[in-house]
Amino acid sequence: MRFIVVRHAESQGNRDGIIQGQLDSPVTADGHRQIAALMATLKDCAFSHIVSSPAGRAMTTAQALAAHCHCTVSSDDRLCEQHFGCYQGQPYHQVFSCDPDGVKRIFTGVPTVAAPQGESAMQVVQRLLSFFGEYALGESATVGVVTHSHALQSLIWHLQGANPREETGKYGHLNCGYSIIDATDGELALQHWGIATHLRALRQSPI
């Protein structure tokens, strides 16, 4: 089985520098252009199904891709973004100014660090592995998966060896960038990560 794992299109929260986590905001006009570029590059992928985080920005991306590829789409809570606790809904710059060292450790992806009332990257990995482990037992197919920045980079960190001294942020994806993961006998193997050549001509938000 093959998974094409996509970060959702740019949202208004991304554009405005808001810590969204498991909150939401609509896809921007640039985000819709990113979706169009993604659909063009994945036009030959014969997806059997697409599974998305239930967040609106992810479902908007997934539904457009599913319509383009003529397949069904569903949602799964295990694909939600990392929960950033009491920081959710606040501007990055405001949170960073209050606790620069602590906040930097969270958002660069120190694996064991969590925001107050939030979850760590390692906790995110566990729910993602539950999702992929369940789907990897299915028939041979290509499944599209739409998730979020920190969730996706945490998964790639795990598949690259889960070094506890390595920050997950080094595996960041642009909006509508994607990775390819194969599953054989229930084991996941990363083939490519952070693919974004289709986005070169488009504006991207830094977060």
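In the predicted model, the protein chain exposes about 9200 Å² of surface, of which carbon and sulfur atoms supply 51%. Of the 207 residues of the protein chain, 54% count as buried, a residue being called buried when its relative accessible area is under 20%. As for charge, the protein chain carries 14 positive and 18 negative charges, and the mean positions of these two sets lie 7 Å apart.

The secondary structure of the protein chain consists of seven helices and six strands. Along the sequence, these elements follow the pattern β-α-α-β-α-β-α-α-α-β-α-β-β. The radius of gyration of the protein chain is 16 Å, close to the 17 Å that the globule rule gives for 207 residues, and the chain is therefore as compact as a globular protein of that length. The C-alpha trace spans about 50 × 40 × 25 Å along its principal axes. Contacts within the protein chain were also examined by sequence separation: among those between residues at least 6 apart in sequence, 69% join residues at least 24 apart.

The interior was then considered. In soluble globular proteins, nonpolar side chains tend to be buried together. In the present model, the largest nonpolar core has 24 residues, and those that touch the most other members are Ile4, Leu38, Leu42, Phe47, Ile50, Leu65 and Tyr178. Two or more residues of this core come from each of strand 1 (2–7), helix 2 (29–41), strand 2 (47–52), helix 3 (56–69) and strand 5 (178–184). Helix 3 gives the most to this core, with five residues. The contacts of Leu65 illustrate the packing: when residues up to four places away in sequence are not counted, Leu65 touches Leu38, Met39, Leu42, Phe47 and Ile50. A second core, separate from the one just described, has 23 residues, including Leu79, Leu128, Val145 and Ile181.

Burial was also assessed for helix 7. This helix covers residues 149–159, and nine of its eleven residues are buried, so helix 7 is largely enclosed by the rest of the structure. The buried residues of helix 7 include the nonpolar Ala151, Leu152, Leu155, Ile156 and Trp157, and Ser149, His150, Gln153 and Ser154 are buried in this helix as well. Helix 7 is followed by Gly161, whose phi is positive, near 120°.

Note on methods:
Residues numbered from 1 in each chain as written. Predicted model: local features only at pLDDT ≥ 70, side-chain atom pairs only at ≥ 80, totals over all residues. Heavy atoms only, no water. Helix = DSSP H or I, 4+ residues; strand = E, 2+ residues; numbered from the N terminus. Rg over C-alpha atoms; globule rule 2.2 N^0.38 Å. Buried < 20%, exposed > 50% of the residue type's maximum accessible area, 1.4 Å probe, protein only. Contact = heavy atoms within 4.5 Å. Areas by Shrake-Rupley, 256 points an atom, 1.4 Å probe, with all protein chains shown as cover. Lys, Arg positive; Asp, Glu negative; His and termini not counted. Charge placed at Lys NZ, Arg CZ, Asp CG, Glu CD. Core = buried A, V, L, I, M, F, W, Y, C linked by side-chain atoms within 4.5 Å.
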